[in-house]
Amino acid sequence: MQPVAPTSKYSVKYFPDGIQRWTREGNYFYFYSSETILEVRVISDKVVRFRYAADGKFLRDFSYAAVPGMQESIVSLELEDQDQKVQISTAFIRVFVDKENLRITITDLEGRIINQDELGFHWQYYLVKGGKIVYCSKQIQPGECFYGLGDKPSELNLRGRRCENFATDTYGYTKDTDPLYKNIPFYFGLNQGIGYGIFFDNTFRTIFDFGREREEVCSFWARGGEMNYYFIYGPGLLEVAEGYTRVTGTPELPPLWALGYHQSRWSYSPDSKVREIAQEFRKRQIPCDVLYLDIDYMEGFRCFTFSNNCFPDPAVLAKDIAGLGYKTVVIIDPGIKVDPEYRVYQEGVANNYFCKRGDGALMEGDVWPGKCVFPDFTNPEVRKWWSGLFKDLVARGVRGIWNDMNEPAVFEIGTFPEDVRHDYDGEGVSHRKAHNVYGHLMSKATAEGIRKYLMPLRPFTITRSCYSGAQKWTSVWTGDNSATWEHLWLASIQVQRLSVSGLSFAGSDIGGFIDEPDGELFVRWLQLATFHPFMRTHSASNESNFDQEPWSFGQKIEYIARKFIRLRYQLLPYIYTTFWQYSTQGTPMVRPLAFVAQDDPNTHNRSHEFMLGDHLLISHVSEPGMKEKLVYLPAGKWYYYWDDTCFDGGGMINIDTPLDEMPLFVRAGAVVPRYPVMDYVGQFPVEEMVLNVYYDDQVARSILYEDAGDNYGYRDGIFNTIRFKLIAGRHEVRLKKKFIGNFDASYRRYRIIFHGIPFKPTDYSIDGKTHRLNPRNFAVGTIKIVAERGFEDIIIS
């Protein structure tokens, strides 16, 4: 151990000294200096975990993020003892451990440096609060870019910034506010066209510096715990994202209705107002699947209760609006009102389920009900109890739960004091270690409860605060935003960042939660949200009596809002397929341009464009009065969705932006499935699926996934995957389909619309049977034909 002179108020900084010996145990490698131990665990040929014991003793190997019993998949693993380094090689990367100081260098097989320690691992004793502050510093490679870290409201490329993870209730945050609600200690690096990721699995307050303090140094540290991080190799950024999601877990498929449009307000109360909103959507034929009840549905803000005056019969209300196609989602906060007559409070006190201060007194703080106590969600017994509390809500017709205020937020003091104690699954820790997983574990217990009582139906959970890995059970939103154009831009940035940080099921409060949008801002926001996985309008309109429903801004805005919400429902087969890719492979649903065209340096700092799934590219209108916009298209050919104009990618184009359109493009070669217009999911059996096929002279592939949409039959193989292959030339277009599965979908035919065919065809054949094209097959530059669901091969010539 090599001490260095003090550089701060904390203590001397210490560094590992030279390796004295090393051992190998299968895919684990241990390197011993005089006091420090480095554990290198090779999980796969692309994922390696580095873990340090500063004083020769590892802490408990425990994680609230990583998948338990993570599957190891290693094709090749070799070790070579060199003069100055020890080399560990896999089928894709080489890891070098410096014998003099335990510093790490990682290269690809061609010797290009991917990631390299600067000072590497070092630490200080945290004399005031105990434990150690653990650091790791790495060299920034020439031209390197950084992405990730969850919900940070700043430019996508984090180069030159310092960020912090400490869950904070940040009402009305603005650009560059930090920290925010979520704690995702995972970032991407991109240099020399090579992508990698680092997941620092430490629940203490963590800080990441991407060259702000020293331009050529990237560092990350925590004020407690271990230096324990995973290196994830791409080389593609999407591959890195998939690798991270496999480390921290992939999500279940949501109920299909959860991908529809959600309407919320603080608050729709009393129950007659809920019925009025429900009827109004149907009357105006604006699709909507979910209505939310904010805190005013409760009796005195007591969780798990309903107001006797405003919601006297919640089961009847839920049943009545379910008859109109709606699902009911209610809010649940962690603060439990101090009330000796309140059952939840009684049970929690009797069983010692609430958090306590260091001296043994209950942790009490003011939130919406007044004086409250707070469950210790780090205690598995408490999580089980909390899950059981949802039985009555589900019995009354509730289909989803919205967790809020779970950073945890406390009025006046912000959050819990550091002396609050937590079980931490048997470890016994202070709030310093548990803070960043408090909301994470609340949402976990919530999801487990509603899953249990809704079975065999799928649950829906949404949370404001969480830690890495929460995607396994919850969706998220971006918190208390404002009705400003800056926040519209931030909504796009944050959802892109959350998506690549493992949390694809994300969205923002359309129109802004705080203050009042005008019609233009509202509809431009709604247009953007049409292409976000979670789509909800929510507002604090109880403060101003301002309505924020799609019809609240006049007929013109209502017409455009209806157009885009209908488009959302038409695209549900595509969006659901994209979610299936995320669920099975960990592929982000929303993809920044740098993640789909990382070899193009022009994409590295772009945030105004993103892709939803494999084929749709979106660029939202981000300024008032904007009549046109410059949009960057990656290499390839792209069709403008609204008129089928075909553009060559690899540069900027100028697009008109009338209020009833937004820049939306389809990748050439795509097959994009589409539902008919509907008012809610399941309104009627879909009898015909539309396939929009976009001509390209290159071979292109697309996929469609389908299942029942609201049960777990897919886990037993009751689903279909339908793969399309488009092969086109100058005088012929061929669409091949391969069907695998045993789910009996309701539709029996496809209406196939071919876009952009550059020649004038005369015939088409379906599975070898030729038909003559007639005028009814042609419409505004497209060719339309109908085929039975079982077709395998279509040729147009």
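Let us start at Asn115, which, once neighbours within four places in sequence are set aside, is in contact (heavy atoms within 4.5 Å) with Ile104, Thr105, Ile106, Lys138, Tyr196, Ile198 and Phe231. The model is a predicted one, in which local features need pLDDT of at least 70 and side-chain atom pairs count only at pLDDT 80 or more, while totals for chains, interfaces and linings use all residues. Residues are numbered from 1 along each chain as its sequence is written, and side-chain values use heavy atoms, with hydrogens and water left out.

Asn115 belongs to strand S11 (residues 113-125); strands here are DSSP runs of E with at least two residues, helices are runs of H or I with at least four, and both are numbered from the N terminus. With a relative accessible area of 2%, Asn115 is buried. That word stands for under 20% relative accessible area, exposed for over 50%, and partly exposed for what lies in between, using a 1.4 Å probe and protein chains only. Gln139 is 24 residues away from Asn115 in sequence, and their C-alpha atoms are 7.4 Å apart in space.

Three of the contacts just named, Ile104, Thr105 and Ile106, lead us to strand S10 (residues 104-108), where five of the five residues are buried. In a regular strand, side chains alternate between the two faces of the sheet. In S10, Ile104, Ile106 and Asp108 point one way, Thr105 and Thr107 point the other way, and all are buried. S10 pairs with strand S9 (residues 93-98) in the antiparallel sense over five bridges, where pairing requires that DSSP find at least two bridges between two strands. S10 is also joined to S11, again antiparallel, by three bridges. Thr107 is a handy residue to follow: it stands opposite Arg94, and also opposite Ile113 in S11.

The turns on either side of S10 are worth a look as well. The hairpin of S10 and S11 has four residues between the strands, and Gly111 there takes a positive phi near 90°. In the hairpin of S9 and S10, with five residues between the strands, the positive phi, near 65°, belongs to Leu102, a residue other than glycine. Leu102 is buried, with a relative accessible area of 1%. Gln285 also has a positive phi, of about 55°, without being a glycine. Gln285 sits in the loop between H2 and strand S21 (290-293) and is partly exposed, at a relative accessible area of 44%.

Two cis peptide bonds can be picked out along the backbone. One runs from Asp178 to Pro179, with omega near 0°, and Pro179 is in the loop between strand S14 (162-165) and strand S15 (186-191). Another runs from Ser269 to Pro270, with omega near 5°; Pro270 lies in the loop between strand S20 (261-263) and helix H2 (271-284).

Now step back to strand S4 (residues 28-32), which is largely enclosed by the rest of the structure because four of its five residues are buried. Five bridges join S4 to strand S3 (residues 21-25), and the two run antiparallel. Phe29 in S4 is the bridge partner of Arg24. S4 also pairs with strand S5 (residues 37-42), antiparallel and over five bridges, and Tyr32 stands opposite Ile37 in S5.

What about the nonpolar interior? A nonpolar core is a set of buried Ala, Val, Leu, Ile, Met, Phe, Trp, Tyr and Cys residues joined through side-chain atoms within 4.5 Å. The largest one has 202 residues, of which Ile332, Trp386, Phe531, Ile752 and Phe754 touch the most other members. Helix H9 (residues 485-500) gives the largest share of this core, nine residues. Apart from it lies another core, of 45 residues, including Ala54, Val134, Phe200 and Cys218.

Finally, the lining of the largest pocket divides into 13 nonpolar, ten polar and 14 charged residues. Here Ala, Val, Leu, Ile, Met, Phe, Trp, Tyr, Cys and Pro count as nonpolar, Asp, Glu, Lys and Arg as charged, and the others, Gly among them, as polar. A pocket is an open set of points on a 1 Å grid over the protein atoms alone, where a 1.4 Å probe fits, with protein on both sides within 12 Å along at least five of seven lines; lining residues have an atom within 4 Å of a point. Strand S6 gives the most to this lining, with four residues.
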